[in-house]
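Have the sequence open beside the 3D view, and let us walk through the fold together, one stretch at a time.

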Amino acid sequence: MYWLPLIALYSGMRLEEIGQLRLEDIGLEDGVHYFNVREGVDQSLKTSSSVRRVPIHKKLIERGILKEKDRLQKLGEFRLFPQLQRNREDKYTAGFSKWWGIWTRGIGITDDRLVFHSFRHAFKDRCRDCEISREHSEAIMGHASQSVGDSYGKGFSIAKLAKSMDRIHWDPVFKEDCADKYQYKS
């Protein structure tokens, strides 16, 4: 309930991409922690362009996502969200999605257009507002490129994408003087 919305807000990832993450999908390369969005054991993706590495935003690290990974590893878990169970359609987040709809209505969000996927739209808008290139935002979000030439090579380095990710901020939403209240406490 805590991590799924924050990860969506700071990454633009789809709900199911987040919900099916395994602990091994949190990687480190060139000093950059990232989510490895991929197909694997009990993991599927919407499109082939969805396969990607998403830099983990520094705010998620400050709030304790890496400590949560370590905590779960010590417990012998292998998924980042072990409490999410697959439904008949093999979706981990169906129950969460239902809860999210009930919860948001309960706090007064009644516009049917404001759903969990709205985090993805908000992230894309934030990329534009923070002047992140279209190519970088598409790579981070797993959107198919419009150019055939973009499919050549391996794509952007994780370090390059992390520099763009560092430009994302939600200061209008989270007041910096309140950040300490929400950090992970071990």
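Phe35 stands opposite Val54 in S3, and that pair is a handy way into the strands of this predicted model. S2 and S3 run antiparallel and are joined by four bridges. On the other side of the story is strand S1 (residues 26–29), which also runs antiparallel to strand S2 (residues 32–37), again through four bridges. If you want a pair to look at here, find Leu28, which stands opposite His33 in S2. As you follow these strands, keep in mind that side chains in a regular strand alternate between the two faces of the sheet.

Now look at the connection from S1 to S2. The two strands form a hairpin with two residues between them. Asp30 sits in this loop, and its phi is positive, near 50 degrees, in a residue other than glycine. Is Asp30 buried or exposed? Its relative accessibility is 61%, and because the cut-off for exposed is over 50%, Asp30 counts as exposed.

A second aspartate invites a look for its backbone as well. Asp90 lies in the loop between helix H4 (65–74) and H5, and it has a positive phi of about 65 degrees although it is not a glycine. With 44% relative accessibility, Asp90 counts as partly exposed.

Let us step back to the whole chain. The protein has eight helices and three strands, and along the sequence they follow the pattern α-α-β-β-β-α-α-α-α-α-α. Of its 186 residues, 43% are buried. Take the contacts between residues at least 6 apart in sequence: 66% of them join residues at least 24 apart. The accessible surface comes to about 11,000 Å², and carbon and sulfur atoms hold 51% of that.

One part of the surface is worth turning towards you. Trp103, Ile107, Ile109 and Leu114 make a nonpolar surface patch of about 360 Å². Ile107, one of these four, is found in the loop between H5 and H6.

That loop brings us to helix H6 (residues 118–129). Its 12 residues reach 16 Å from the first C-alpha to the last, close to the 16 Å expected at 1.5 Å a residue. Which residues of H6 are buried? They are Ser118, Phe119, Arg120, Phe123, Lys124, Arg126 and Cys127. It helps to remember that an α-helix has 3.6 residues a turn, so residues three or four places apart point the same way.

What do the buried residues of H6 pack against? Their partners are helix H1 (3–11), strand S3 (52–55), helix H5 (94–106), helix H7 (134–141) and helix H8 (158–165). S3 is thus a familiar name in this list, as it is also the strand that holds Val54, opposite Phe35.

Asp125 is in H6 too, and it is partly exposed, with a relative accessible area of 40%. From its C-alpha atom to that of Ser137, 12 residues apart along the chain, the separation is 9.9 Å. Finally, H6 is followed by Glu131, whose phi is positive, near 55 degrees.

Methods. Residues are numbered from 1 along each chain as its sequence is written. This is a predicted model: local features need pLDDT of at least 70, side-chain atom pairs count only at pLDDT 80 or more; totals for chains, interfaces and linings use all residues. Side-chain values use heavy atoms; hydrogens and water are left out. The expected span of a helix is 1.5 Å times one less than its number of residues. Buried means under 20% relative accessible area, exposed over 50%, partly exposed in between (1.4 Å probe, protein chains only). Contact means heavy atoms within 4.5 Å. Accessible areas come from the Shrake-Rupley method with a 1.4 Å probe; for residues, only the protein chains shown count as cover. Two strands pair if DSSP finds at least two bridges between them. Patches are made of residues with over 30% relative accessible area and no salt bridge: like charges are joined within 9 Å, nonpolar side chains (Val, Leu, Ile, Met, Phe, Trp, Tyr) within 5 Å. A salt bridge is a side-chain nitrogen of Lys or Arg within 4 Å of a carboxyl oxygen of Asp or Glu.
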